[in-house]
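Look at the sequence and the model below before reading on. The notes that follow are grouped by topic.

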Amino acid sequence: GGRVSFEVECVEVAGTVRVGFSTMAAAHALGTCPHGFGFGGTGMKSNCGTYLEYGRQYGHGDVVSCHLDLPASTISFTRS
């Protein structure tokens, strides 16, 4: 228990896409507060409004996987 993953396929992209995880207390813009973690189409991960290079950019036709592992206290993102 304590692990969850999901995938998002970028079928139609208008503007910046960001995927990730948050609590119910998070701001609407994912990754801009302490309660949300995001990975954007720009290839940057974000939390608390801090953006760090994480991987390659993604967009139309890409599939992004998001992984949350609570026992290991990790969040990771992959792109195919």
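In this predicted model, C66 stands opposite F77, a residue of β7. Both C66 and F77 also belong to the largest nonpolar core. The points below start with the sheet, move to the core, and end with the loop between β2 and β3.

**The sheet**

- An open sheet is formed by three strands, in the order β1-β6-β7, with antiparallel pairing.
- The edge strands are β1, residues 3-9, and β7, residues 74-79; each of them pairs on one side only.
- From one strand to the next, the twist averages 15°.
- Strands of a sheet pair through backbone hydrogen bonds, and the pairing can be parallel or antiparallel.

**The two pairings**

- β1 pairs with β6, residues 63-69, in the antiparallel sense, over seven bridges.
- Within this pairing, R3 stands opposite D69 of β6.
- β6 and β7 also run antiparallel, and six bridges join them.
- The hairpin of β6 and β7 has four residues between the strands.
- In that hairpin, S73 takes a positive phi near 55°.

**The nonpolar core**

- The largest nonpolar core has nine residues in all: C10, V19, F21, F39, Y58, V64, C66, L68 and F77.
- Two elements, β2 and β6, give two or more residues to this core.
- β6 gives the most, with three residues.
- Leaving aside neighbours within four places in sequence, V19 is in contact with several other core residues, including F39, Y58, V64, C66 and F77.
- On the same terms, the contacts of V19 also include V8, L30, F37 and G38.

**The loop between β2 and β3**

- T23 lies in the loop between β2, residues 18-22, and β3, residues 36-40.
- H35 is found in this loop as well.
- Is T23 buried, exposed or partly exposed? T23 has a relative accessible area of 43%; the partly exposed class runs between 20% and 50%, so T23 is partly exposed.
- H35 is also partly exposed, because its relative accessible area is 38%.
- T23 and G36 are 13 residues apart along the chain, and their C-alpha atoms are separated by 6.5 Å.
- H35 and L70 are 35 residues apart in sequence, and 14 Å apart in space from C-alpha to C-alpha.
- Which residues does H35 contact, leaving aside its neighbours within four places in sequence? They are F21, S22, T23, A25 and A26.
- Of these, F21 is a member of the largest nonpolar core.

Note on methods: Residues are numbered from 1 along each chain as its sequence is written. This is a predicted model: local features need pLDDT of at least 70, side-chain atom pairs count only at pLDDT 80 or more; totals for chains, interfaces and linings use all residues. Side-chain values use heavy atoms; hydrogens and water are left out. Two strands pair if DSSP finds at least two bridges between them. Axes are lines fitted to C-alpha atoms, for helices over the stretch in contact, and angles run from 0 to 180 degrees between N-to-C directions. Buried means under 20% relative accessible area, exposed over 50%, partly exposed in between (1.4 Å probe, protein chains only). Contact means heavy atoms within 4.5 Å. A nonpolar core is a set of buried Ala, Val, Leu, Ile, Met, Phe, Trp, Tyr and Cys residues joined through side-chain atoms within 4.5 Å.
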